[in-house]
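The following note sets out numbered points on the structure for a colleague at the bench. Please read each point with the coordinates open.

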Amino acid sequence: MAKDLRTYLGQLTQFDVNSVKLVDTEVDPRFGITAYAAALAEKGEYPALLFNKVKGAQMACISNLLTSYERVALYLGCEVQDIPRVYGEKLQQPIEPVVVDRTAAKVKENVIEEADVDLSKLPIPVHNEMDGGPYLSAGVMIIRDPDSGLINAGIYRHQIFNERDMGVWFLGAHHGGLIYKKYKKQGKPAPIAIALGHHPGFIMGAVSRVQGIGGEYEAAGALMGEPLELVQADTSDLLVPAHAEIILEGEILPDNDHSEGPFGEWPGHYLGGGSVPTIRIKRITYRNHAIFQDIVASGREHLVVGGVPRSGSIYHTVKKIVPGLKTVNVPFYARMNCYLSIQKEKDADVKKAAFAALNTEPENLRHIVVVDEDIDVFNGEEVAWAIGTRFDAERDLLVIPRWNGPGGLLPTNWEYNAEGKNTPRMSSAVIVDATKPAPPVVFPKRAVVPKEQVELADLASLRKLSAEEKNNWQI
């Protein structure tokens, strides 16, 4: 059986029976879906949420699916600390997709013709308080480059304007935006498709840092561990995932821009927006009992889905420059930060590793912290301890002026004034060297209990105090 959203849900619930919660109460797509995720987050709980009844919709909606590193490690088949290495290594071994017949494609089980398209019947949420309207946040947009013929896939934000039209917001050098401009220059509409609901390997393959235009389908295959199955689209020459839950087919109109936003992006602020191209949907195909997939915008899932692929790409790049790299963490709670642990041979290794990371993700990384191999970069307390004990600001802090921007999604890349007219600006990045001096310098040893003694501790013998024992010690 080909891997898809449902095979992953089966794997996830087998791994942890409490990992998916069903919401049978009817919810309003305006804040109702994200309200559950927010309420659970306040309690430190992050289960996937399957909404069975969304007001006005004819499909179920799943959200909050990829909220932890453990759920990513599950589909990659590795431990959490090995995610960047395994992810990066898989991307270096792409797997070509295969095309299947329409009769074998589950996403072709149902068809909505152009005259009957009505996006309001999909459970598309309004995520946050000031959002300009409903947004697709987990849709993978597929577009073919007219010059090379290569298919590119990526996740963009899509505000719903009416029953048939939505926007698409391109940032900087997004490949989808570069391809669209080629069609626009020719005065032609750009055929596109948007895939909703699939295996996490497909979702993260679409947002991986793949060199050049195209390659996302191959990356998805590598992350899934098998070829991605594709099928011919109905209204264009695009090949789309055969086992997605839903496919929206349409085109980006060349001269029909529309005001968009605001939208709460991953840094947790409202930035971006303005006038964007319009997509007109011409056909919808979907599976029986289709599940619409949403990512909680600016929430934990948004950060995990964006951070993990970047960790993998950074690992691969830095490893080439500094072979002593141990692992990488772009923490979900601060995707502007990057923690690198290295086995340092020379003091220069720190700057080499840090600049390699910055150049892999120049738009978003602001703070690179480099630590020694004995520090667990997935443990924020250990990283903070390393900064406190191995970092001296006068010697070990490097400020790189005017590194990011101008503009973009990070609030510090803008100048603000009382009139509310923001002006894009450049902002700085920093490298924090929280490593010990390179050999042969001798640095004080860390105080630890011998590992062999830790392994001898019989944790299974621990028990609660009895009432009599409590009385003995007056507890």
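1. In this predicted model, helix α1 (residues 5-15) and helix α3 (residues 69-76) have axes that come within 11 Å and cross at roughly 115°. The crossing of α1 and α3 is right-handed. On the α1 side the contact is made by Y8, Q11, L12 and F15, and on the α3 side by R71, L74 and Y75. By class, the residues of this contact of α1 with α3 divide into 5 nonpolar, 1 polar and 1 charged.

2. Helix α4 (residues 83-91) and helix α7 (residues 216-224) provide another crossing, with axes that come within 8 Å and cross at roughly 130°. Because an angle between 115 and 145 degrees counts as oblique, α4 is oblique to α7. The crossing of α4 and α7 is right-handed. Helix α4 contributes Y87, K90 and L91 to the contact, and helix α7 contributes A219, A222 and L223. The contact of α4 with α7 has 5 nonpolar residues, 1 charged residue and no polar ones.

3. The structure holds 7 aromatic pairs. One of them is formed by Y69 and F332, which meet edge-to-face at 5.7 Å centre to centre, with 65° between the planes. Y69 lies in helix α3, whereas F332 lies in the loop between β19 (325-329) and β20 (337-342), so this pair ties together parts that are 263 residues apart in sequence. Y69 counts as buried because its relative accessibility is 12%, under the 20% cut-off. F332 is likewise buried, with a relative accessible area of 17%.

4. Y69 also forms an aromatic pair with F378, again edge-to-face, at 5.5 Å centre to centre and with 85° between the planes. This pair links distant parts of the chain, since Y69 is in helix α3 and F378 is in the loop between β21 (367-372) and α10 (380-390), 309 residues apart. F378 is partly exposed, with a relative accessible area of 22%. Ring pairs thus link Y69, F332 and F378 into a cluster.

5. Which residues of helix α2 (residues 32-42) are buried? They are G32, I33, T34, A37 and L40. The elements that cover the buried residues of α2 include β2 (48-51) and β3 (60-63). Just after α2, G44 takes a positive phi of about 75°.

6. Positive phi is also found in residues that are not glycine. N64 has a phi of about 65° although it is not a glycine, and this residue is found in the loop between β3 and α3. N64 is buried, with a relative accessible area of 3%. R402, another residue other than glycine, has a positive phi near 50° and is found in strand β22. In contrast to buried N64, R402 is exposed, with a relative accessible area of 62%.

7. Cis peptide bonds deserve a separate entry. The bond from G405 to P406 is cis, with omega near 0°, and P406 lies in the loop between β22 (397-404) and β23 (414-415). The bond from P439 to P440 is also cis, with omega near 15°. P440 lies in the loop between β25 (427-434) and α12 (451-456).

Definitions and conventions. Residues are numbered from 1 along each chain as its sequence is written. This is a predicted model: local features need pLDDT of at least 70, side-chain atom pairs count only at pLDDT 80 or more; totals for chains, interfaces and linings use all residues. Side-chain values use heavy atoms; hydrogens and water are left out. Axes are lines fitted to C-alpha atoms, for helices over the stretch in contact, and angles run from 0 to 180 degrees between N-to-C directions. Helices (H or I, at least four residues) and strands (E, at least two) are DSSP runs, numbered from the N terminus. A crossing is left-handed if the near helix is turned anticlockwise from the far one by less than a right angle, and right-handed if clockwise. Contact means heavy atoms within 4.5 Å. Ala, Val, Leu, Ile, Met, Phe, Trp, Tyr, Cys and Pro count as nonpolar, Asp, Glu, Lys and Arg as charged, and the others, Gly among them, as polar. Angles under 35 degrees count as roughly parallel, over 145 as roughly antiparallel, 65 to 115 as roughly perpendicular and the rest as oblique. Rings of Phe, Tyr and Trp (its six-membered ring) pair if their centres lie within 6.5 Å; planes under 30 degrees apart count as stacked, over 60 as edge-to-face and the rest as tilted. Buried means under 20% relative accessible area, exposed over 50%, partly exposed in between (1.4 Å probe, protein chains only).
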